[in-house]
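This report looks at how helices pack within one chain and between two chains. Please view the structure below before reading on.

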Amino acid sequence: MFNLAIWVYLGLALTLFGSLATVWGPGVKDPVIRTINTEVASVGVSLILLTYNSTLALLTLIATTIIVTLILFRAISRLEEMGADV
Amino acid sequence: MVASVIPQFVPAFYSSMYTTALYGGLIVAFIGLIGIAMEKRDIQILILTDLVGLAMLIVVAAVGTDLSEALILPGLVVELAEIMAISEILISREMRKVDEGTSFTPMPLKIDMEIMTTAPNFIALILIAYGVFLSGFTGGAVAGGGIVIYVLSRKVRGLPIFVLDGVGAISGISWCLWIIGFIFFFLLPQYWLLSLFLAALGLLLKVASKIGLIGILMREEYGRK
């Protein structure tokens with residue numbers, strides 16, 4: 001019923017797609033869009049960790065992804081507020 | 001070539017997927033590094049660093065053993081600390097360039113209430129007590145949060161230098177406790193409970209003092225008038 005290989009391939013494809021979208025995707029000159037695009041890749045990595053039975057790693061990845069996104073948004077908004085070149 | 005070094009207890013599925021996952025991770029890392037090479041602005045490079053970290057996770061997870069899962073956790077924490085530090089450096093550098101009255105932690109309101117000077121004692125006490133009860137990494141984070149609340153909300157300036165040194169010394173001693181606990185695990189396995197508590201309490205002191213130090217340094221650096 002479950003073919004585990006499908007999920008690894010799906011996770012790898014999502015990660016690949018997300019990284020391509022982060023580097024060359026539409027509108028990535030805006031750092032907010034670029035930050036959100038990295039989420040796609042991180043969902044792909046979550047799928048891979050889920051397939052490999054790494055529960056602790058999966059939970060830590062979700063937590064750190066949220067914190068990293070918050071830190072990056074704070075940095076972006078502060079830099080834009082000060083009129084820096086972002 | 002790979003098959004000869006794989007231990008027997010790795011499930012067959014993981015070892016059959018190893019090459020695919022490894023090459024996938026390497027391709028993602030390559031794409032991220034190309035993006036870093038093409039970008040000029042610092043904040044964009046910082047965002048792309050995240051991508052290379054994800055590729056590192058795939059490469060480590062592809063091994064598929066418990067050890068690889070245990071190695072992912074410090075990788076994630078180090079990546080988080082690195083991004084936090086670099087974003088603070090970018091912000092403070094920009095603040096130096098602008099050089100006007102921008103505060104490091106902007107508040108929408110000017111908060112001047114009595115509760116901000118009286119309540120932190122109680123909240124910090126509760127948090128530190130709960131953190132000591134939890135012990136380990138989580139307890140250290142909770143107790144460190146209590147210290148940060150105490151340090152940041154009370155407007156006591158100019159902590160004596162020997163207090164800072166003392167906090168650093170606590171951190172070093174707790175590191176020794178942690179290492180001793182770890183050695184006991186291997187040399188005297190019958191005292192596993194003692195070594196477990198040595199490691200847990202050492203880690204508690206270590207993390208709590210480190211987070212408290214970060215709070216003290218932030219106040220000393222940016223709270224200065």
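## Two helices meeting across the chains

The model is predicted. In it, helix H3(A) meets helix H3(B). From H3(A), the residues in this contact are Leu56(A), Ala57(A), Thr60(A), Leu61(A), Thr64(A), Ile67(A), Val68(A), Ile71(A), Leu72(A), Ala75(A), Arg78(A) and Leu79(A). From H3(B), they are Glu69(B), Ile72(B), Leu73(B), Leu76(B), Leu80(B), Ile83(B), Met84(B), Ser87(B), Leu90(B), Ile91(B) and Glu94(B). Sorted by class, the contact of H3(A) with H3(B) has 17 nonpolar, three polar and three charged residues.

The axes of H3(A) and H3(B), the latter spanning residues 66-98, are 10 Å apart and make an angle of about 5 degrees. Angles under 35 degrees count as roughly parallel, so H3(A) and H3(B) are roughly parallel to each other.

## The whole contact between the chains

Chain A and chain B each give 38 residues to their contact. On the side of chain A, the elements that give two or more residues are H1, H2 and H3, the last covering 55-81. H3(A) gives the most, with 13 residues. This side of chain A divides into 26 nonpolar, nine polar and three charged residues.

## Packing inside chain A

Within chain A, helix H1 (residues 4-24) packs against helix H2 (residues 31-51) at an angle of about 165 degrees. Their axes are 8 Å apart. An angle over 145 degrees counts as roughly antiparallel, so H1(A) and H2(A) are roughly antiparallel to each other.

The crossing of H1(A) past H2(A) is left-handed. In the contact of H1(A) with H2(A) there are 14 nonpolar, nine polar and one charged residues.

Notes:
Residues numbered from 1 in each chain as written. Chains lettered and ligands numbered in written order. Predicted model: local features only at pLDDT ≥ 70, side-chain atom pairs only at ≥ 80, totals over all residues. Axes fitted to C-alpha atoms, helices over the stretch in contact; angles between N-to-C directions. Helix = DSSP H or I, 4+ residues; strand = E, 2+ residues; numbered from the N terminus. Parallel < 35°, antiparallel > 145°, perpendicular 65-115°, else oblique. Left-handed = near helix turned anticlockwise from the far one by under 90°. Nonpolar A, V, L, I, M, F, W, Y, C, P; charged D, E, K, R; others polar. Contact = placed C-beta atoms within 7 Å.
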